[in-house]
Amino acid sequence: MHSLTLYEPVVRPFGRHVLPALWEADQAGDLDRAVEIVNRDVSGFSAEYVAQLRRSAVWDVLRRLAVPLARELTALDRHHADLPELGTLDVPVTLLLGGENEGVPPYGDAFAAFASALPRARVVTMPGQGHLAHAHDPESLARHIEQALPVRRDAECGGRQESTR
């Protein structure tokens with residue numbers, strides 16, 4: 001591993017309180033309900049905001065991303081992340097935060113825990129973005145990730161510059 005880039009990372013107990021409802025939606029195959037649960041009950045978005053999402057093209061993206069949600073949040077809740085151990089990483093680390101989440105729970109709080117555990121990390125705030133940059137503006141998120149990748153020169157690259165991935 002040559003570098004690590006994290007976009008609004010979270011650790012347990014993130015979303016623990018919605019697991020029963022998410023599993024219920026999962027068992028029913030109700031992706032709309034799963035998207036609603038995550039956006040209202042985890043992210044704390046207003047009913048009006050979620051209604052706007054539902055009317056937009058982003059909703060279909062979020063529905064596809066909701067397929068593994070119950071399993072992902074359950075796995076996250078079962079995993080104990082050793083944040084202090086992350087601070088010992090000897091590779092460049094970039095933490096990406098949507099500007100709308102800076103200091104705002106739940107993503108801002110979780111982000112602050114990572115930033116504290118990784119004091120040598122480069123923190124990049126993406127103006128005008130929140131936790132849905134991957135759905136609202138994937139090109140911008142991709143640019144930020146690409147900019148976070150280190151450029152290296154070594155014998156493996158034949159002397160040419162190459163982004164590591």
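**Exercise 1. In which loop is P13 found?**

Solution. P13 is in the loop between β1 (4-7) and α1 (19-28). Helices (H or I, at least four residues) and strands (E, at least two) are DSSP runs, numbered from the N terminus. This is a predicted model, in which local features need pLDDT of at least 70, side-chain atom pairs count only at pLDDT 80 or more, and totals for chains, interfaces and linings use all residues. Residues are numbered from 1 along each chain as its sequence is written, and side-chain values use heavy atoms, with hydrogens and water left out.

**Exercise 2. Describe the backbone at P13, P106 and E8.**

Solution. Start with the peptide bonds. R12 and P13 are joined by a cis peptide bond with omega of about 15 degrees. P105 and P106 are also linked by a cis bond, with omega near 0 degrees. P106 sits in the loop between β2 (93-98) and α7 (107-117).

Next, take phi. E8, a residue other than glycine, has a positive phi near 40 degrees. E8 is placed in the loop between β1 and α1. Most residues other than glycine have a negative phi, and most peptide bonds are trans.

Last, check accessibility. E8 counts as buried, at 2% relative accessibility. The classes are buried under 20% relative accessible area, exposed over 50%, and partly exposed in between (1.4 Å probe, protein chains only).

**Exercise 3. Describe the surroundings of A70.**

Solution. First locate the residue: A70 belongs to helix α5 (residues 69-78). Its relative accessibility is 2%, so A70 is buried. Then list the partners. With neighbours within four places in sequence left aside, A70 is in contact with L19, L22, W23 and D26, where contact means heavy atoms within 4.5 Å. Finally, A70 and V38 are 10.0 Å apart, C-alpha to C-alpha, and 32 residues apart in sequence.

**Exercise 4. How many aromatic pairs does a search of the whole structure find?**

Solution. The search finds 2 aromatic pairs. Rings of Phe, Tyr and Trp (its six-membered ring) pair if their centres lie within 6.5 Å; planes under 30 degrees apart count as stacked, over 60 as edge-to-face and the rest as tilted.

In one pair, F14 and Y107 are tilted, at 5.4 Å centre to centre and 50 degrees between the planes. Because F14 is in the loop between β1 and α1 and Y107 in helix α7, this pair ties together parts 93 residues apart in sequence. F14 is buried at 12% relative accessible area, and Y107 is buried at 5%.

The other pair, F45 and Y49, is tilted, with 4.6 Å centre to centre and 50 degrees between the planes. Y49 is partly exposed, at 26% relative accessibility.
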